[in-house]
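Please walk me through this model in the viewer, one selection at a time. Start at the ligand, then move on to a pair of helices.

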Amino acid sequence: MLNTLRKVFGFHEFRPNQESVVRSLLKKQDVLAIMPTGGGKSLCYQLPAVLLPGTCMVISPLIALMKDQVDGARSNGIRAAFLNSSQSPDERDEVMHNLLSNSLDLLYVAPERFILSHFRETLSRVQLSMAVIDEAHCISEWGHDFRPDYLSLSDLVTLFPHTPVAAFTATATHTVQQDILDKLALRHPLIVRASFDRPNLIYDVCFKDKADAQMIALLKSNPGKAGIIYRTSRKSVSDTAAMLQAKGFRALPYHAGLSDTERKRNQEAFIRDEADVIVATIAFGMGIDKSNIRFVIHADLPKSIENYYQETGRAGRDGEPAACTLLFSQGDIPKMRFFIDAMPDDAERQRALTALSKVVAFASTSVCRRRTLLDYFGETYPPDNCNSCDICLGTRRLVDCTLQAQMVLSAIVRTEERFGAGHIADILTGSQNKKILDFGHDRLKTYGVGKHHDKKYWRQLIDELLAQKVIQKSEGLYPILFLLPKAGRILKREERIDMVRVLDKKKGQPLPIEISAPYDSQLFELLRSLRKQIADEQGIPPYVVFSDRTLHDMAANLPRTAEAMLTVSGVGEIKLERYGRQFLRLIDRYCSDHHS
Ligand code: ADP
Ligand code: ZN
């Protein structure tokens, strides 16, 4: 087992739970494995597929992904193929021939093929080492990606009474998990549930002030790195993508309103490292295997904690640090409410509201983000400090803002609860704008009392007062602020207001993505271009050649011989044979140029 792990995959140890899953499959026991994205699910079945006689059939919902999965397996020398409707009859015949002559370790198929009786008939004539169900949550109507086709997979255990069945999913909810077990009727399965913690992801929630400028700052601090920006509407996706392009970033849009061809083209460019940033609605993501996504920005509120977890989860599959930034302001809530209120179904609307309130609570809390997320999935996170979220990194502190809150409340009262947040902030900062002068608000007692803070500070405080239900905002196009009962108590100093304040962080500045880079970044860039060149020659995505982690490892340890190259994580014998010479030559040249 360990020998295959090293030789075929180039890894030196198992990740948590991989070993127990592999052992069970080798002794033909059914498995349900729940592991987060990036947990290394593919290896759990690919390794036994190499060791066991016969073919492992993998049922996977996404045709678009199959080619990448097969390319990935083949790049390690595994005999893999897929069967789906994108192929010509000749290509399919060839795969069938290989299947029947027992020369495939892995065969990927879509669930709709499994329903076909002639395909089932063919399967009965081949030796199946095991049947694997990828994205197994698709069988559950409770999950977010229900696929009716998946229901047919309950036939597996009756059709192949002696073949182990292994189901894999990254879904964290317990309801879906139980549903998978019930529907598939697995026989005394090994059930593993990995921790949903993603230690290499850094969580940051930033007060959303000027979203465009904040996104630009984030991209500038990550030049050339791959990232996803999520937005709610198609229009904001197009606008943001155009804005970023105009600023010279390699950004492309992705949403359900684009033509199939354009969507496909943009996704392909992103996967092949030709575009750095994809700006997308939630239509984007399922079926993105790209392992070197270094940041995910939510420029609008996600729909639910589960969505947030899945969407941020697409970053850092390779285990290298990646940043997840949520830009949040209370001002976004009415927009979300507007969509939710329009939902015709009562139950659905209620669910959406509950989900939204949980997201808002997550973003407004001053508790560790990681702990809050894991708590949502019923997991406790023991450490006091995760060291990789904005709260734990100490960039925030609770500050008593009672006095400043009184200034805000007083400005609202003195203008008779008839104005919005921007105008109140203008009064406090002593703005000279026309509206202030027209209303004579420069003669108010509160005019300019808050000069020592900028307008952003006051807007943030107003946000906090909204969140703490001290004030409320009216509905409609020009919302105005008015006081709630709590405001009276604050004005009388019977209650105080604390606000989470950002410290040590430059204005709108996100957390650093690479806390440290213990490798030679100049060499890394050279390795990266070589990887891209090879990937293009072979028509495969760059991360299939080598992951970012593998290149970081090379740029840190500077292997100069084939033996040294084999100790690099992700370099197995086949990859050494295929790419070793080119990478060794590059490292060698680099080292002599730099006299090391
Ligand atoms: P999942 O399908 O669970 O999201 P993948 O199977 O795509 O995860 O694996 C994620 C990444 O982790 C891949 O780049 C893979 O090569 C790497 N990986 C898997 N197992 C190991 C391991 N034991 N050691 C190091 N890297 C691993
Ligand atoms: Zn934390």
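**Around the ligand**

Select ligand 1 and the residues around it: by class, this shell holds three nonpolar, six polar and four charged residues. Keep in mind that the model is predicted. The shell comes to 13 residues, and the closest are Glu13, Gln18, Gly38, Lys41 and Ser42.

Next, select Glu13 and show its backbone. One of its backbone N or O atoms lies 2.9 Å from a nitrogen atom of ligand 1. Then move to the two glycines. A polar backbone atom of Gly40 is 3.1 Å from an oxygen atom of ligand 1, and for Gly39 a polar backbone atom is 3.4 Å from an oxygen atom of the ligand. Now switch on the surface: of the 570 Å² of accessible area that ligand 1 has on its own, the protein covers 81%.

**Two helices**

Leave the ligand and select residues 211–220, helix α10, together with residues 234–246, helix α11. How do they pack, and how far apart are their axes? The angle is about 55°, and the axes are 11 Å apart. The two helices are therefore oblique to each other. Rotate the view to look at the crossing: α10 passes α11 in a right-handed sense.

Notes. Residues are numbered from 1 along each chain as its sequence is written. Chains are lettered from A and ligands numbered from 1 in the order in which they are written. This is a predicted model: local features need pLDDT of at least 70, side-chain atom pairs count only at pLDDT 80 or more; totals for chains, interfaces and linings use all residues. Side-chain values use heavy atoms; hydrogens and water are left out. A residue is near a molecule or strand if one of its heavy atoms lies within 4 Å of it. A polar contact is a pair of N or O atoms within 3.5 Å; within protein, one must be able to donate a hydrogen and the other to accept it, and residues adjacent in sequence count only if both atoms are side-chain atoms. Accessible areas come from the Shrake-Rupley method with a 1.4 Å probe; for residues, only the protein chains shown count as cover. Ala, Val, Leu, Ile, Met, Phe, Trp, Tyr, Cys and Pro count as nonpolar, Asp, Glu, Lys and Arg as charged, and the others, Gly among them, as polar. Axes are lines fitted to C-alpha atoms, for helices over the stretch in contact, and angles run from 0 to 180 degrees between N-to-C directions. Helices (H or I, at least four residues) and strands (E, at least two) are DSSP runs, numbered from the N terminus. Angles under 35 degrees count as roughly parallel, over 145 as roughly antiparallel, 65 to 115 as roughly perpendicular and the rest as oblique. A crossing is left-handed if the near helix is turned anticlockwise from the far one by less than a right angle, and right-handed if clockwise.
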